[in-house]
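This report introduces a structure to a reader who has not met it before. The sequence and the structure are shown first, and the description follows.

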Amino acid sequence: MVDFTLRPATEADSSSIKDLIHRVGINPMDLDWRRFVLAVDGSGKMLGCGQLKPHGKDVIELASIAVEPSHQHQGIARVIIEYLVAQGPRPLYLTCRSRLGSFYEKWGFHAIESAEMPAYFRRLSRLVNAMAAFMNDKMLVMKLM
Ligand SMILES: CC(C)(COP(=O)(O)OP(=O)(O)OC[C@H]1O[C@@H](n2cnc3c(N)ncnc32)[C@H](O)[C@@H]1OP(=O)(O)O)[C@@H](O)C(=O)NCCC(=O)NCCS
């Protein structure tokens, strides 16, 4: 198991964040380093990241949770998520592939229906799920009260 700590991102981390997000293949929009927390090893190497992303004033998303493929399944995402969930407001939202629903249920998130979604997530969900249906997949919108 690797030793790691959390720290806020700095401007110098911006390209490493974008690189990791691209490599793990999740939403590459709105990756402002100012909102990110990083997991780093003893030599300062970034192992994982996550952010609290605002959509307007009252809607905050737990987003960009990513861990280096070589360091997954060592509890790094769990620590990042616990930290951001403790910092974040309620309700707190996230989107994920359906297979990750049970992963986020551990922190108390539950999948919500279209009627309960803020407008941003309702639009995104319609758009993404229209395409995801062709791949036999679904994007969930989840909420933590
Ligand atoms: C999903 C991801 C962030 C998990 O990171 P990780 O550091 O490997 O996760 P952890 O080791 O902290 O796992 C935490 C818990 O979730 C479980 N878990 C991990 N990956 C999982 C997965 N893909 N599906 C379901 N459960 C999973 C673990 O078993 C663990 O449970 P436990 O603590 O009870 O043993 C990582 O696989 C990743 O970067 N994936 C690509 C990007 C992505 O899909 N991000 C999520 C966007 S919504």
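## Salt bridges, domains and surface

Within helix 1, the side chains of Arg23 and Asp19 meet in a salt bridge, with 3.1 Å from N to O. The model is a predicted one, and its values are to be read in that light. Arg23 and Asp19 stand four residues apart in helix 1, which covers residues 14-24, so about one helical turn separates the two. Arg23 is partly exposed, at a relative accessible area of 45%, and Asp19 is likewise partly exposed, at 39%. In general terms, side chains of opposite charge can pair when their charged atoms come close.

A search of the whole structure finds seven salt bridges. The table sets out three of these pairs.

| Salt bridge | N to O distance |
|---|---|
| Arg23 and Asp19 | 3.1 Å |
| Arg34 and Asp32 | 2.9 Å |
| Asp58 and Lys57 | 3.7 Å |

For the pair formed by Arg34 and Asp32, the relative accessibility of Arg34 is 58%, which counts as exposed. Asp32, at 26%, counts as partly exposed. In the pair formed by Asp58 and Lys57, Asp58 counts as exposed at 58% relative accessibility. Lys57 is also exposed, with a relative accessible area of 75%. Elsewhere, Asp19, Arg23 and Glu68 are joined into one network by salt bridges that share partners.

The loop that follows helix 1 also deserves attention. Pro28 lies in the loop between helix 1 and strand 2, the strand of residues 36-41. With a relative accessibility of 44%, Pro28 counts as partly exposed. When neighbours within four places in sequence are left aside, Pro28 is in contact with Ile21 and His22. Pro28 and Ser64 are 36 residues apart in sequence, while their C-alpha atoms are 8.3 Å apart in space.

The description now turns to the division into domains. The protein is divided into domain 1, residues 1-89, and domain 2, residues 90-145. The centres of the two domains, taken over C-alpha atoms, are separated by 19 Å. Domain 1 brings 15 residues to the contact, and domain 2 brings 15 residues. About 1,300 Å² is buried between domain 1 and domain 2, and carbon and sulfur atoms give 65% of this area. Of the area that domain 1 buries against domain 2, Leu62, Val85 and Pro89 supply 36%, more than any other three residues.

How many salt bridges does the rule find across the interface of domain 1 and domain 2? The number is zero.

The last feature is a patch on the surface. Leu127, Met131, Phe134 and Met135 form a nonpolar patch there, and together they have about 540 Å² of accessible area. One member of this patch, Met135, is placed in the loop between helix 4, residues 119-132, and strand 7, residues 139-144. Is Met135 buried or exposed? Met135 is exposed, because its relative accessible area of 61% is over the 50% that marks an exposed residue.

Notes. Residues numbered from 1 in each chain as written. Predicted model: local features only at pLDDT ≥ 70, side-chain atom pairs only at ≥ 80, totals over all residues. Heavy atoms only, no water. Patch = residues over 30% accessible without salt bridge, like charges linked within 9 Å, V, L, I, M, F, W, Y side chains within 5 Å. Areas by Shrake-Rupley, 256 points an atom, 1.4 Å probe, with all protein chains shown as cover. Salt bridge = Lys/Arg side-chain N within 4 Å of Asp/Glu carboxyl O. Buried < 20%, exposed > 50% of the residue type's maximum accessible area, 1.4 Å probe, protein only. Domains from an automatic or database assignment. Contact = heavy atoms within 4.5 Å. Buried area = accessible area lost by both parts, 1.4 Å probe.
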